[in-house]
Amino acid sequence: MATEFSPAKINLFLAVTGRRADGFHDLVSVVAPLDFGDELAAEPGGGGPAADRFTLECDDPAVPVDGANLVLKAAAAFARASGFAGRVHFRLRKRIPVGAGLGGGSSNAVAALRALNTLAERKLPDDALAELAAALGSDCALFLRRAPVVMRGRGERVDLLPEGAVRRLRGRRVLLFKPSFGIPTPWAYGRMAARGGDYVPAAEAEARLAGWTNASRPAEELLFNNLEPAAFSKFPALPLLLARLRGFGVAAAMSGSGSACFALLPAEAAPDLVSDLTRDIRECWGPAAWVGETRIA
Ligand code: C5P
């Protein structure tokens, strides 16, 4: 049996720079894995009839466990690339909300690749895993690193940040919150394309990022997401809450294509800051809003 922690991510910086000929978007993004996430166990020898060697169960009934789930897509891709012929039953303990921009599905796919590589007699090297991950989804490649990274291209090009920048992010306390509705990623990018004017030129995005990376500025000053205007134009409850939370002196932004948002908590925060923020989130978004505290891994 192989068990993998499958972390959520947040985009601290997300500059979408333009639409590509293949319909995807180019971006420059600083993404960090969190201590909060799902857990995926891979049990060899399980599985159903010969036709489906890979099977999946999940403790959240809202999560599809058929071929649409990225865990099973990742397993099929791994078997094709490596010749792995075993049968495996996956158990997914789901904690990351879906449709949140927290990378849950992509993270689960990478956890499946890691688990199968542990079980396989013939291991795939890191570059082969990276190629498989990138083909599964734009956000998958980042989860092969266990550190804050910069993603470029449509997300498949991943570079580590300089050590000084990593030090300013690692261990930072994060409050995550999501309204009862999710935002489908294709919808958010489609809305951005229809609006047309929200893109940031690539050179400007790189200069902005370098300005933060090369100076000793705190994580708060990195926060940026130009998918926000597209999402906020349909869901005004998001900017309304973020403005209210900034009134408590914390930096806050939407993660990825939403709908989850996050606030960076000061290390020396007053003990009642989290309860005050949580009360405000529930007042603004209703009692069904999801709230969790974690840290950048
Ligand atoms: O690659 P992934 O399956 O995560 O992408 C989901 C959708 O999000 C794509 O079909 C596309 O509409 C949009 N997308 C994009 N540019 C990216 C990433 C995602 O347009 N870099």
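What is the volume of the second largest pocket? In this predicted model, the second largest pocket has a volume of about 200 Å³. Its lining is formed by Arg-114, Asp-126, Leu-129, Ala-130, Glu-131, Ala-141, Leu-144, Arg-145, Glu-156 and Val-158. Helix H3, which spans residues 126-136, provides the largest share of this lining, with 4 residues. By class, the lining of the second largest pocket comprises 5 nonpolar and 5 charged residues, with no polar residues.

The largest pocket has a volume of about 950 Å³. Of the 40 residues that line the largest pocket, Leu-70, Gly-103, Ser-106, Asp-139 and Thr-185 are the closest to its centre. Two or more lining residues are contributed by each of strand S1 (2-19), strand S2 (25-44), helix H1 (70-82), helix H2 (104-119) and helix H5 (185-195). The largest share, 4 residues, comes from H2. In terms of residue class, the lining of the largest pocket has 18 nonpolar, 17 polar and 5 charged residues. Because domain 1 (2-159) and domain 2 (170-295) both give residues to this lining, the largest pocket lies between them.

The surroundings of the ligand were also examined. The ligand is surrounded by Gly-23, Phe-24, His-25, Leu-27, Gly-137, Ser-138, Arg-154, Thr-185, Pro-186 and Tyr-189. Thr-185, one of these surrounding residues, is also among the residues closest to the centre of the largest pocket. Polar contacts to the ligand involve both side-chain and backbone atoms of the protein. In the side chain of Ser-138, an N or O atom is 2.6 Å from an oxygen atom of the ligand, and a polar side-chain atom of His-25 lies 2.8 Å from a ligand oxygen atom. For Arg-154, a backbone N or O atom is placed 3.0 Å from a nitrogen atom of the ligand. Of the 450 Å² of accessible area that the ligand has on its own, 73% is covered by the protein.

A further feature of the backbone concerns the peptide bond between Gly-258 and Ser-259, which is cis, with omega at about 5°. Ser-259 is located in the loop between strand S9 (251-254) and strand S10 (261-265).

Notes. Residues are numbered from 1 along each chain as its sequence is written. This is a predicted model: local features need pLDDT of at least 70, side-chain atom pairs count only at pLDDT 80 or more; totals for chains, interfaces and linings use all residues. Side-chain values use heavy atoms; hydrogens and water are left out. On a 1 Å grid over the protein atoms alone, a cavity is a set of points where a 1.4 Å probe fits but cannot get out, and a pocket is an open set with protein on both sides within 12 Å along at least five of seven lines; lining residues have an atom within 4 Å of a point. Grid points are joined across faces, edges and corners, and a volume is the space filled by probe spheres set on the points. Ala, Val, Leu, Ile, Met, Phe, Trp, Tyr, Cys and Pro count as nonpolar, Asp, Glu, Lys and Arg as charged, and the others, Gly among them, as polar. Domain bounds come from an automatic or database domain assignment. A residue is near a molecule or strand if one of its heavy atoms lies within 4 Å of it. A polar contact is a pair of N or O atoms within 3.5 Å; within protein, one must be able to donate a hydrogen and the other to accept it, and residues adjacent in sequence count only if both atoms are side-chain atoms. Accessible areas come from the Shrake-Rupley method with a 1.4 Å probe; for residues, only the protein chains shown count as cover.
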